[in-house]
2 protein chains.
Amino acid sequence: MIPTQEALEAAMARVAPHVHRTMVMTSQTINALTGASVFFKCENFQKMGAFKMRGAVNAILNLSEEQQQAGVVTHSSGNFAQAISLAARTLQVPAYIVMPSNAPTVKKEAVRGYGGDITESEPTLAAREAAAVQIETEKGATFIHPSNDIDVILGQGTAAVELLEEQPLLDFLLAPVGGGGLIAGTALAGMYFGKSCKTIGAEPFEADDAYRSLLSGKIETNATANTIADGLKTQLGDKNFPIIKSLVSEIIRVEEREILAAMKLIWERMKIIVEPSCAVPLAVVLREKERFEGKKVGVILSGGNVDLNNLPF
Amino acid sequence: MIPTQEALEAAMARVAPHVHRTMVMTSQTINALTGASVFFKCENFQKMGAFKMRGAVNAILNLSEEQQQAGVVTHSSGNFAQAISLAARTLQVPAYIVMPSNAPTVKKEAVRGYGGDITESEPTLAAREAAAVQIETEKGATFIHPSNDIDVILGQGTAAVELLEEQPLLDFLLAPVGGGGLIAGTALAGMYFGKSCKTIGAEPFEADDAYRSLLSGKIETNATANTIADGLKTQLGDKNFPIIKSLVSEIIRVEEREILAAMKLIWERMKIIVEPSCAVPLAVVLREKERFEGKKVGVILSGGNVDLNNLPF
């Protein structure tokens, strides 16, 4: 059920030649504000601008040669579509991307720019899934889920492994919780490479499906999701939920204004561009200050793909 | 007239313990767009968010112990006021900052935050100078000019020295031209530490006083300066102009829309926050592409202090 340390080490070896080993940044201002020592793993500097490149590369490399030749397919309107496209191009594998017909032009262009072959579908989950199944059948392509796939989870976990290689004595690892791939991979890294390192998930109150899932013991969904952390609206899956249940200490929720303030703090003080989802873990550290004071806290800054013409400031 | 290599090496030794050795970034996208290999020296990650920290530290450390005890004074409404305040606090020296009474509250707060002792003056250059002279007389403080001071120039030059230590074979060094301290220091670094490295100044057409100064052979001013590169509105001085005349190969001007496009490119692709002035050298590389194709180009990203509530996007 829970992937082994060897599986995570194998993922490290597989992805390393194809992704950036992103830098770890610190900020004196943020350490002074929080009372903690916060180490930011800057996946906003990752290829295509987000950690999702790691999972995409790992999943594709885990396919057989025949599977790779037939290509991969996913449905996504966001970072994972770009990640699969770029990873597939890097590895010389065809990539078929199902995108809703109403996806923003800028996102379609980004996918095309990375070499993805787009199929448009009606903007419903059912239509997207049907279109993906059709491509699987017609092309013999392998479907890769953005977050509910063990190889994707292991790939995403490599960001936290790298962070722990530089900061082995972290007390906490924090990551945002969207579809569950990043937090599950991060928790695996914390267990295998940390020394009593707790993994905490960070979620908006407005999309707290994972928080409720841990309470109820089954996968919950969001009836609404009015959050600026638009990468965190998705729900957990049957592959990542068992890992999260076993290995994530808890999920802490924050308000929208706290996310916005944390995002602004990162932009203003660290001079880096991060998407709103990235700011959720720092918002947690600021909200529950006593918990983290005097501790070493690792934060995965998940990505930096924001629309500069539509900023929340 | 022209400071010696030994003077620049001494500045390196003096400032190193008190400033960040900022990273050098590259971008595959920007290299593909320009056809050049561009190395960005990220002074936006410098303490207080700009290269000006270097000049401030070097100038203060060059004072005698008695002078340091009496403190330093400058008049500025921008980054240099913050740089002198933080450098002086770091070195335990009093800092008196004359600011125009109409300076934005946020800038006054930043100076106070770094420990500067603010004296407000009428918002004219004459009033600011008079207020500074009064503090020199009353406190025995030493006046430090933001750009027309040999120790400030040498301090600013240390950014380019660090860049050349990492990339010794640069064909070009580019920096924006405001008051002239950064470009003069950069040109000194290029001469002493480069191998046939040309230093080029980058200026907006809307504030091209340095371009015109090189043509006329005397210091020219800007009648108007309608540029988003608000750090570049100031004029050269009698200490830095002779260095610029001798060592800067040329000054290349760019349009406002080119500055904005280059700034957006850096934000979107490099995921870092830079002020508009920083984007002027990249705009030059994009405008005069043939000149830089196939070359190694060093660009000083001067700073990252922007008002997020007032972005040009």
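These notebook entries record what I looked up in the two chains, A and B, of a predicted model.

**Conventions.** I number residues from 1 along each chain as its sequence is written, and chains are lettered from A and ligands numbered from 1 in the order in which they are written. Because the model is predicted, I kept local features to a pLDDT of at least 70 and side-chain atom pairs to pLDDT 80 or more, whereas totals for chains, interfaces and linings use all residues. Helices (H or I, at least four residues) and strands (E, at least two) are DSSP runs, numbered from the N terminus.

**Entry 1: the parallel sheet of chain A.** I traced an open sheet of four strands in chain A, in the order β5-β4-β3-β6, with parallel pairing. The strands β5 and β6 (142-143) stand at its edges with a single partner strand each, so one side of each has no neighbour in the sheet. I took two strands as paired if DSSP finds at least two bridges between them.

**Entry 2: strand β4 of chain A.** I then looked at β4(A), residues 95-100, of which five of six residues are buried. Buried here means that 20 or more other C-beta atoms lie within 10 Å of a residue's own; 12 or fewer means exposed, anything in between is partly exposed, and C-beta atoms are placed from the backbone. On one side, β4(A) is joined in parallel to β3(A), residues 72-75, by four bridges, and H75(A) stands opposite V98(A). With β5(A), residues 117-121, β4(A) shares five bridges, again parallel. There V98(A) stands opposite T119(A), and M99(A) has E120(A) as its bridge partner.

**Entry 3: the crossovers.** I found a right-handed β-α-β unit made of β3(A), helix α5(A) (residues 79-90) and β4(A). A second right-handed unit consists of β4(A), helix α6(A) (residues 105-113) and β5(A). Right-handed means that, with the strands pointing away from the viewer, the path from the first strand over the helix to the second runs clockwise. I noted that α5(A) lies across β3 and β4 of chain A and runs at about 165° to β4(A). Axes are lines fitted to C-alpha atoms, for helices over the stretch in contact, and angles run from 0 to 180 degrees between N-to-C directions.

**Entry 4: strand β2 of chain A.** I followed β2(A), residues 37-42, to two partners. With β1(A), residues 24-25, the pairing is antiparallel over two bridges, and M25(A) stands opposite F40(A). With β10(A), residues 296-301, the pairing is parallel over six bridges, and F40(A) stands opposite V299(A).

**Entry 5: S85 of chain B.** I located S85(B) in helix α5(B), residues 79-90. S85(B) has 27 C-beta neighbours inside 10 Å and therefore counts as buried. Beyond its neighbours within four places in sequence, S85(B) is in contact with A95(B), I97(B), V111(B), Y114(B), G115(B) and G116(B). Contact requires C-beta atoms, placed from the backbone, within 7 Å.

**Entry 6: helices α12 and α13.** In chain B, I found that the axes of α12(B) (residues 256-270) and α13(B) (residues 276-287) come within 7 Å and cross at roughly 105°. The two helices are therefore roughly perpendicular, a class that covers 65 to 115 degrees, while under 35 is roughly parallel, over 145 roughly antiparallel and the rest oblique. Residues of α12(B), including I259(B) and I266(B), meet residues of α13(B), among them A279(B) and L286(B). In chain A, ten of the twelve residues of α13(A) are buried.

How values were computed
Two residues are in contact if their C-beta atoms, placed from the backbone, lie within 7 Å.
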